[in-house]
Amino acid sequence: THWKHGGVVGVRGYGAGVIGRHSDSPELFPNVADFHTFRVNQPSGWFYTTKALRQVCDVWEKYGSGLTNLHGATGDIILLGATTPVLQDCFNALTDEAGFDTGGSASGLRTPSACLGPARCEYACIDTLDICNTLTQAFQDEIHRPMWPYKFKFKISGCPNDCVAAIARADMPIIGTWRDTLRIDQDAVREYVDKGFDIENIVIRKCPTQALEWDAKAKKLNLNPEDCVRCMHCINKMPKALRPGLDKGATILIGAKAPVEKGARFGWVIVPFVKMEPPYTFVRDLALKIWDWWDENARTRE
C-alpha cells in the first residue's frame with residue numbers, strides 16, 4: 001500500500017509524539033487503513049532494564065501492531081502501527097504502566113539524544129547523559145507542543161569521535177572536547193613502536209594538520225599544540241599512549257541539516273569552547289535566544 005504522510009491525530013494535551021499514517025487505499029487494505037507511529041522518549045544513552053523493555057513491548061502488543069524500531073534517527077523508540085481509536089489508551093498505558101513519555105515530532109524540539117558518554121566511554125569530555133536529561137526536562141513544552149517554522153534537534157557527543165553524528169544531524173550539536181594539550185605517555189608510545197606499530201604511516205602522515213612528529217632517534221612523539229585540531233585520530237590508533245587533555249568542555253555548533261531540497265550540510269562552530277557544568281545555564285539560554293530570533297524570521301521548513 002502507499003502511505004499518505006501526516007493527518008491530524010494525537011493524544012490529549014500534546015501536539016507531538018504521534019505521527020499520522022493513513023493508507024490512500026483503505027478499501028483494498030482495511031486492516032492498515034490507519035497505521036500511526038508513536039515516538040517514545042528514550043532514556044539518556046539508551047540504557048534500559050529488561051523489565052522496562054518488556055513493559056513497553058507488552059503495551060505495544062496490546063494496543064499496536066507489535067512492530068518496533070529501536071531506535072529512530074532522532075533517538076526515540078519507534079512504535080509502528082496503531083489505529084486511531086486506541087491512541088489515547090496506548091499513551092495512557094505507556095505513561096502510567098511503563099513510565100515512558102512520547103518524544104518530539106513535527107515542527108517542535110525533537111527528542112534530545114546523546115552517546116553513552118562517561119557511563120561507558122573513557123574518552124568522554126562531558127557528561128552527555130546528564131546534559132541530555134537536563135535539556136529534555138527543561139524543554140518539555142517545546143518537545144510536546146510544536147510552535148516553530150521547522151523541527152530543531154539537539155545531539156550531544158562526549159568527544160570529537162561524535163558517535164551520534166551530531167555534526168551532521170543536529171541543528172545544535174554539542175560535542176565534547178578539551179582546550180589544553182593532548183596527553184602523551186612516551187613509554188607507551190615506544191612500546192607501540194617496539195612491537196612493530198607503523199607510527200609514521202598510521203598516525204603521523206594521517207594527522208590532518210601535521211601536528212605530530214616522530215623522532216625516531218630519540219624515540220619520542222612530539223606535538224605542536226597550536227596545530228592540533230583534536231580530531232581523535234591519533235588517540236583512536238594509540239589509545240594506551242594518548243589521551244584527551246584535562247581541561248574539558250564542549251564545542252557548540254549550529255545549523256547541521258540533512259534536507260531533501262538543498263542537500264546535507266555540517267554544523268559550523270559558534271562557541272569554540274565552554275565548560276559544561278550543571279545546570280548548563282549557558283546552553284539553555286543560548287538555545288532560547290536562537291529560537292526567539294529564528295521563530296520570528298525563518299520561513300516555513302527553514
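In this predicted model, T102 sits in the loop that runs between helix α2 (87-96) and strand β7. T102 counts as buried because its relative accessibility is 1%, where the cut-off for a buried residue is under 20%. Leaving aside residues up to four places away in sequence, T102 touches Y14, A16, G17, F38, R39, V40, N41, F91 and H144.

**The protein as a whole**

- The C-alpha trace of the protein spans about 80 × 45 × 35 Å along its principal axes, and its secondary structure comes to nine helices and 15 strands.
- The protein has 302 residues, and 46% of them count as buried.
- Among the contacts in the protein with a separation of 6 or more, 64% are accounted for by residues 24 or more positions apart.
- The domain assignment divides the protein into domain 1 (3-98), domain 2, which is given as two segments (109-179 + 247-297), and domain 3 (183-243).

**Where domain 2 meets domain 3**

- The C-alpha centres of domain 2 and domain 3 are 30 Å apart, and the contact between these domains takes nine residues from domain 2 and seven residues from domain 3.
- About 760 Å² of area is buried between domain 2 and domain 3, and carbon and sulfur atoms give 52% of this area.
- On the side of domain 2, the residues Y123, N161 and W178 supply 65% of the area that this domain buries against domain 3, which is more than any other three residues supply.

**Polar and charged features of that interface**

- Across the interface of domain 2 and domain 3 the rule finds one salt bridge.
- The side chains of R243 and E122 meet in a salt bridge, with a distance of 2.9 Å from N to O.
- Three residue pairs are counted in polar contact between domain 2 and domain 3, with both residues of each pair at pLDDT 80 or more.
- Sorted by class, the side of domain 2 that touches domain 3 has four nonpolar, two polar and three charged residues.

**Helix α3 and its surroundings**

- Helix α3 covers residues 128-138, and its buried residues are T128, L129, I131, C132, T134, L135 and T136.
- These buried residues of α3 pack against two other helices, α4 (140-144) and α9 (281-297), and also against the strands β7 (113-114), β8 (154-157) and β9 (172-178).
- As a general point, an α-helix has 3.6 residues a turn, so residues three or four places apart point the same way.

Key:
Residues numbered from 1 in each chain as written. Predicted model: local features only at pLDDT ≥ 70, side-chain atom pairs only at ≥ 80, totals over all residues. Heavy atoms only, no water. Domains from an automatic or database assignment. Contact = heavy atoms within 4.5 Å. Buried area = accessible area lost by both parts, 1.4 Å probe. Salt bridge = Lys/Arg side-chain N within 4 Å of Asp/Glu carboxyl O. Polar contact = N/O pair within 3.5 Å; in protein donor to acceptor, adjacent residues only side chain to side chain. Nonpolar A, V, L, I, M, F, W, Y, C, P; charged D, E, K, R; others polar. Buried < 20%, exposed > 50% of the residue type's maximum accessible area, 1.4 Å probe, protein only. Helix = DSSP H or I, 4+ residues; strand = E, 2+ residues; numbered from the N terminus.
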